[in-house]
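Trainee: I'm new to this structure and I'd like a close look at a single part of it. Could you walk me through that part slowly, once we have it in view?

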Amino acid sequence: MAGKLMNKKGTGTGGEAEMKENLICDRCNVEMELIEVQFRYLTRDFRYKVPRCPMCGQVSLPEELVTGKMADVEAMIEEK
């Protein structure tokens, strides 16, 4: 993970990661914000809101994105 965990904070979901903690960027020492980021995984592009540093752009990939959305894309490509 690209950030340090701080106190609890709840946000909504709906095509985005849920930030349960405030994450602090290790590089810039500022709070990461939930920002929509475009990803390219294998041959597919998709957009997803993830914790991202507003200064350097470093992102933190939540487990549900890696084991969910990216796993779905990988399975879809393997079927072809």
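Which residue in S4 is the bridge partner of Leu34?

Mentor: That would be Pro51: Leu34 pairs with Pro51 in S4. Keep in mind that we're looking at a predicted model. Let's stay with that pair of strands and work outwards from there.

First, a quick map. The protein chain has 1 helix and 4 strands, and if you read along the sequence you get the pattern β-β-β-β-α. Of its 80 residues, 29% count as buried. Take the contacts in the chain with a separation of 6 or more: 35% of them come from residues 24 or more positions apart.

Now to the strands you asked about. S3 and S4 run antiparallel, and 9 bridges join them. Besides Leu34 and Pro51, you can look at Glu33, which stands opposite Arg52 in S4. Glu33 belongs to strand S3, and its relative accessible area is 41%, so it counts as partly exposed. Glu33 also gives you a link back to an earlier stretch of the chain: Asn22 is 11 residues away in sequence, and the two C-alpha atoms are 8.5 Å apart in space.

Just before S3 there's a loop worth a glance. Asn29 lies in that loop, between strand S2 (21–25) and S3. Its phi is near 60°, a positive value in a residue other than glycine. Asn29 counts as exposed because its relative accessibility is 55%, and the cut-off for exposed is over 50%.

Move to the other end of S3 and you reach the hairpin. There are 2 residues between the strands here, and Leu42 takes a positive phi near 55°.

Next come the charged side chains. A search of the whole structure finds 2 salt bridges. In one of them, Glu36 pairs with Arg47, with the closest N and O atoms 2.9 Å apart. This pair links distant parts of the chain, since Glu36 sits in strand S3 and Arg47 in strand S4, 11 residues apart. Both partners are partly exposed: Glu36 has 40% relative accessibility, and Arg47 has a relative accessible area of 45%. The other salt bridge joins Asp45 to Arg40, and there the closest N and O atoms are 2.7 Å apart. Here the partners fall into separate classes. Asp45, at 41%, is partly exposed, whereas Arg40, at 64%, counts as exposed.

So much for the charged residues; now for the buried ones. The largest nonpolar core has 8 residues in all: Val37, Phe39, Phe46, Tyr48, Val50, Leu65, Met70 and Val73. Strand S3 (33–41), strand S4 (44–52) and helix H1 (63–79) are the elements that give two or more residues to this core. Val37 is a good one to click on. Leaving out residues up to four places away in sequence, Val37 touches Phe46, Arg47, Tyr48, Val50, Arg52 and Val59. Among those, Phe46, Tyr48 and Val50 are fellow members of the core, and Arg47 is the salt-bridge partner of Glu36. You've met Arg52 as well, as the residue opposite Glu33.

That leaves the helix. The buried residues of H1 are Leu65, Met70 and Val73, and they pack against S3 and S4. You'll find these three in the core list too. What about the length of H1? At 1.5 Å a residue, its 17 residues should span 24 Å, and the end C-alpha atoms are 23 Å apart, which agrees. H1 does bend, though, by about 35° at Ala71. Ala71 lies in H1 and is partly exposed, with a relative accessible area of 30%. Its C-alpha atom is separated by 9.8 Å from that of Tyr41, 30 residues away along the chain.

To pull it together: start from Leu34 and Pro51, follow the antiparallel bridges between S3 and S4, then turn to the buried residues of H1, which pack against those two strands.

Technical notes. Residues numbered from 1 in each chain as written. Predicted model: local features only at pLDDT ≥ 70, side-chain atom pairs only at ≥ 80, totals over all residues. Heavy atoms only, no water. Core = buried A, V, L, I, M, F, W, Y, C linked by side-chain atoms within 4.5 Å. Buried < 20%, exposed > 50% of the residue type's maximum accessible area, 1.4 Å probe, protein only. Contact = heavy atoms within 4.5 Å. Pairing = 2+ DSSP bridges. Expected span 1.5 Å × (residues − 1). Bend = angle between axes of the 7 residues up to and from the residue. Salt bridge = Lys/Arg side-chain N within 4 Å of Asp/Glu carboxyl O.
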